[in-house]
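Me: I'd like a close look at one part of this model, with the reasoning spelled out. Could you pick a helix and walk me through how it sits against its surroundings?

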Amino acid sequence: ILVAKLEGQEYNGDNMQTVIKEIADAVRDKVRDMDFRGYKILVHCVVGEQRGEGVRMGCKCFWDSDTDNYAEEVYITKQLFGVVTVYGLYQY
């Protein structure tokens, strides 16, 4: 999904909000189709301009390490970078 939406794109801050929402919604829908019953699915998407500088991202959560987990995908070009993180949190 990241490649399909970002490949060949130039970074444009004015329309990135729309692109980010489209990516997050597409990822969420694809994960929901996998039918993880009892799980709350959270999708976090970041797209930024590639300026040759480093970016560090972090997250802190309280969760049950036996049932909760996450997956992350990164896409980088000369113009931009995209990071999508999907969290699956089991609801008891």
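Reply: Here is a walk along one helix, followed by a strand residue and some ring pairs.

Bear in mind that this is a predicted model. The part to look at is helix 2, which covers residues 16-32. Start with its length: 17 residues at 1.5 Å a residue should span 24 Å, and the end C-alpha atoms are indeed 24 Å apart, so expectation and model agree.

Now for which way the helix faces. Met16, Val19, Ile23, Ala24, Val27 and Val31 are its buried residues. Looking down the axis of helix 2, you'd find these buried residues within an arc of 130°, so they line one face. The spacing fits a simple rule: an α-helix has 3.6 residues a turn, so residues three or four places apart point the same way. Over on the other side of helix 2, Gln17, Lys21 and Arg32 are exposed.

What sits on top of that buried face? The cover for the buried residues of helix 2 includes helix 1 (2-6), strand 1 (39-49) and strand 3 (80-90).

Strand 3 deserves a stop of its own, at Thr85. With a relative accessible area of 4%, Thr85 counts as buried, because the cut-off is under 20%. Its side chain still has a polar partner: the side chain of Glu72, at 3.3 Å. Setting aside neighbours within four places in sequence, Thr85 is in contact with Leu42, Val43, His44, Tyr70, Ala71 and Glu72.

Tyr70 leads on to the aromatic rings, since this residue pairs with Trp63. There are five aromatic pairs in the structure. A ring pair is described by the distance of the centres and the angle of the planes. For Phe36 and Tyr39 the centres are 6.2 Å apart and the planes are at 70°, so that pair is edge-to-face. Phe36 is partly exposed at 45% relative accessibility, and Tyr39 is also partly exposed, at 29%. Trp63 and Tyr70 make a stacked pair, with 6.2 Å centre to centre and 25° between the planes. Here too you have partly exposed residues: Trp63 has a relative accessibility of 33%, and Tyr70 has a relative accessible area of 46%.

One last thing about the rings: Phe36 and Tyr39 belong to a cluster, linked by ring pairs, that also takes in Tyr90 and Tyr92.

Note on methods:
Residues are numbered from 1 along each chain as its sequence is written. This is a predicted model: local features need pLDDT of at least 70, side-chain atom pairs count only at pLDDT 80 or more; totals for chains, interfaces and linings use all residues. Side-chain values use heavy atoms; hydrogens and water are left out. Helices (H or I, at least four residues) and strands (E, at least two) are DSSP runs, numbered from the N terminus. The expected span of a helix is 1.5 Å times one less than its number of residues. Buried means under 20% relative accessible area, exposed over 50%, partly exposed in between (1.4 Å probe, protein chains only). The arc is that of the directions from the helix axis to the C-beta atoms. Contact means heavy atoms within 4.5 Å. Rings of Phe, Tyr and Trp (its six-membered ring) pair if their centres lie within 6.5 Å; planes under 30 degrees apart count as stacked, over 60 as edge-to-face and the rest as tilted. A polar contact is a pair of N or O atoms within 3.5 Å; within protein, one must be able to donate a hydrogen and the other to accept it, and residues adjacent in sequence count only if both atoms are side-chain atoms.
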